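These are my notebook entries on a structure that I wished to read element by element. I recorded what I looked up in the order in which I turned to it.

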Amino acid sequence: MSDKKRTHLDIVHDILSAMRDKKEPIVPTHLLYRSNLSHDRLKIYLDELIQKSFIAETEDKAGKKRYQLTDDGYKFLQNFQQLREFTKSFGL
Amino acid sequence: MPVGSEMVPIAISGPVWFIGIDAVLEAVSGVIALLIVLACFRYAKLAKDNRYAPLGWGFLLLFLGFIAQLTTSFAIWQRVKEGVLQNIVEITELAYVGHAAYVLLTISGLIVLALWALRIKEHLHVALVVALALFLAIIGITSQPVVLLLSVTLLAFVCLRFYMNACEQNTAGAWEVLVGFMLILGSQLALLLAPISNQWYVGGYVAHVIGYLVLLGVLAQVVRK
């Protein structure tokens, strides 16, 4: 998973896939490992995904932040292949 | 829009056997343009990303241009059926208004696509391009070669963007989009030559619809994913 070749859409897909695969709210450390991003870049992506309602931020009993996929996030993942093909074909 | 005489911009040209077929070909292109608009807005909604907007708005304006043209052609055809001599003033007015709407909507659509292709975001630069292109489009309402040359220029920049994208992505879809737009560009060049021969007129319309069919093929590939 080379970051150099990944597009913005690919990175979003990787983050959301990590959350879907985990099947329970995920901690940022695990996301860092799965998304292969720096802490700062991951933070930017998470903020964007929260703002787009693709993920929701929660806190566990210990007060640690956790993230989980929303319905919009699932829809994005389901249609990702179409989105990527359309985006690449038209250079969007 | 047919290449017209100096008096009435949409006077019939091209071979007689092609009358009506050109309208059907335009309708097919219009439907495909609408499908591209729907795809853009669907993917914009799914990705919650406005990167799809310029393509969507550009094709929406092109689609409205097709609608203006087809509505005008249908209205004129009905008046002609009632009798050309009784309705000559109405037919001329309809032709002029319909042609003006078609030119302004189509050129506006191409302006949106060209601004996107050139990645122009600076407001003053956008204003300059829009003002110049619309000024030429207004002249083009009474001079078909002007509007065709303007279309060719704007489409050339769009094709350049798609060429760069195809080189970068090197996917079948990206090359097919380039081919589709090159055919649409070629169709405008062919229509420019229509006064020389009817064959250019027919060729222009055929190239135009084939270009749109190629884009439909790309959409079909996307949906199958």
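**Entry 1: A loop proline in chain B**

I began with Pro195(B), which is exposed, with a relative accessible area of 62%. I note at the outset that the model is a predicted one. I located Pro195(B) in the loop between H6 and H7 of chain B. I then looked up its distance to Gly14(B): the two residues are 181 apart along the chain, and their C-alpha atoms are separated by 8.6 Å.

**Entry 2: Helix H6 of chain B**

From that loop I moved back to H6(B), residues 172-192. I found that H6(B) has 21 residues and spans 30 Å from first C-alpha to last, close to the 30 Å expected at 1.5 Å a residue.

Which residues of H6(B) are buried? I listed Gly173(B), Ala174(B), Val177(B), Leu178(B), Gly180(B), Phe181(B), Ile184(B), Leu185(B), Ser187(B), Gln188(B), Ala190(B) and Leu191(B). I next asked what covers the buried residues of H6(B). The cover includes H5 of chain A, and from chain B it includes H2, H3 (88-117), H5 and H7 (198-224).

**Entry 3: H5 against H6 in chain B**

I examined one of these neighbours, H5(B), residues 144-169. The axes of H5(B) and H6(B) come within 9 Å and cross at roughly 165°. An angle over 145 degrees counts as roughly antiparallel, and H5(B) and H6(B) are therefore roughly antiparallel to each other. I recorded their crossing as left-handed. By class, the contact of H5(B) with H6(B) has 23 nonpolar, four polar and no charged residues.

Within H5(B) I looked up Ser151(B). Is this serine buried or exposed? Ser151(B) counts as buried because its relative accessibility is 4%, where the cut-off for buried is under 20%. Not counting residues up to four places away in sequence, Ser151(B) touches Ile107(B), Leu110(B) and Gln188(B). I had already listed Gln188(B) among the buried residues of H6(B).

**Entry 4: Helix H2 of chain B and two unusual phi values**

I turned to H2(B), residues 53-82, which has 30 residues. Its C-alpha span is 43 Å, close to the 44 Å expected at 1.5 Å a residue. After H2(B) comes Gly83(B), with a positive phi near 130°.

I then looked for positive phi outside glycine, since most residues other than glycine have a negative phi. Lys48(B), in the loop between H1 and H2 of chain B, has a positive phi of about 50°. I noted Lys48(B) as partly exposed, with a relative accessible area of 31%.

In chain A, Ser53(A) is not a glycine either, and its phi is positive, about 65°. I placed Ser53(A) in the loop between helix H3 (39-51) and strand S1 (55-59) of chain A. Ser53(A) is partly exposed, with a relative accessible area of 35%.

**Entry 5: A helix pair across the two chains**

I next looked up H5 of chain A (residues 80-89) and H1 of chain B (residues 21-47), whose axes come within 11 Å and cross at roughly 125°. That makes H5(A) oblique to H1(B), and I recorded the crossing as left-handed. On the H5(A) side the contact is made by Gln82(A), Leu83(A) and Phe86(A). On the H1(B) side I listed Ala39(B), Cys40(B), Arg42(B), Tyr43(B), Leu46(B) and Ala47(B). The contact residues divide into seven nonpolar, one polar and one charged.

**Entry 6: Helix H1 of chain A**

I closed with H1(A), residues 8-22, which holds Leu16(A). Leu16(A) is buried, with a relative accessible area of 0%. Leaving aside neighbours within four places in sequence, Leu16(A) is in contact with Leu49(A), Phe54(A), Ile55(A), Leu69(A), Gly73(A), Phe76(A) and Leu77(A). I also looked up Leu46(A), 30 residues from Leu16(A) along the chain, and found the C-alpha atoms separated by 9.9 Å.

How do H1(A) and H2(A) pack? Their axes are 9 Å apart, at an angle of about 125°, which makes H1(A) oblique to H2(A). The crossing of H1(A) and H2(A) is right-handed. From H1(A), Ile15(A), Ser17(A), Ala18(A), Met19(A), Asp21(A) and Lys22(A) meet His30(A), Leu31(A), Arg34(A) and Ser35(A) in H2(A). I recorded the residues of this contact as four nonpolar, three polar and three charged.

Conventions: Residues are numbered from 1 along each chain as its sequence is written. Chains are lettered from A and ligands numbered from 1 in the order in which they are written. This is a predicted model: local features need pLDDT of at least 70, side-chain atom pairs count only at pLDDT 80 or more; totals for chains, interfaces and linings use all residues. Side-chain values use heavy atoms; hydrogens and water are left out. Helices (H or I, at least four residues) and strands (E, at least two) are DSSP runs, numbered from the N terminus. The expected span of a helix is 1.5 Å times one less than its number of residues. Axes are lines fitted to C-alpha atoms, for helices over the stretch in contact, and angles run from 0 to 180 degrees between N-to-C directions. Angles under 35 degrees count as roughly parallel, over 145 as roughly antiparallel, 65 to 115 as roughly perpendicular and the rest as oblique. A crossing is left-handed if the near helix is turned anticlockwise from the far one by less than a right angle, and right-handed if clockwise. Ala, Val, Leu, Ile, Met, Phe, Trp, Tyr, Cys and Pro count as nonpolar, Asp, Glu, Lys and Arg as charged, and the others, Gly among them, as polar. Buried means under 20% relative accessible area, exposed over 50%, partly exposed in between (1.4 Å probe, protein chains only). Contact means heavy atoms within 4.5 Å.
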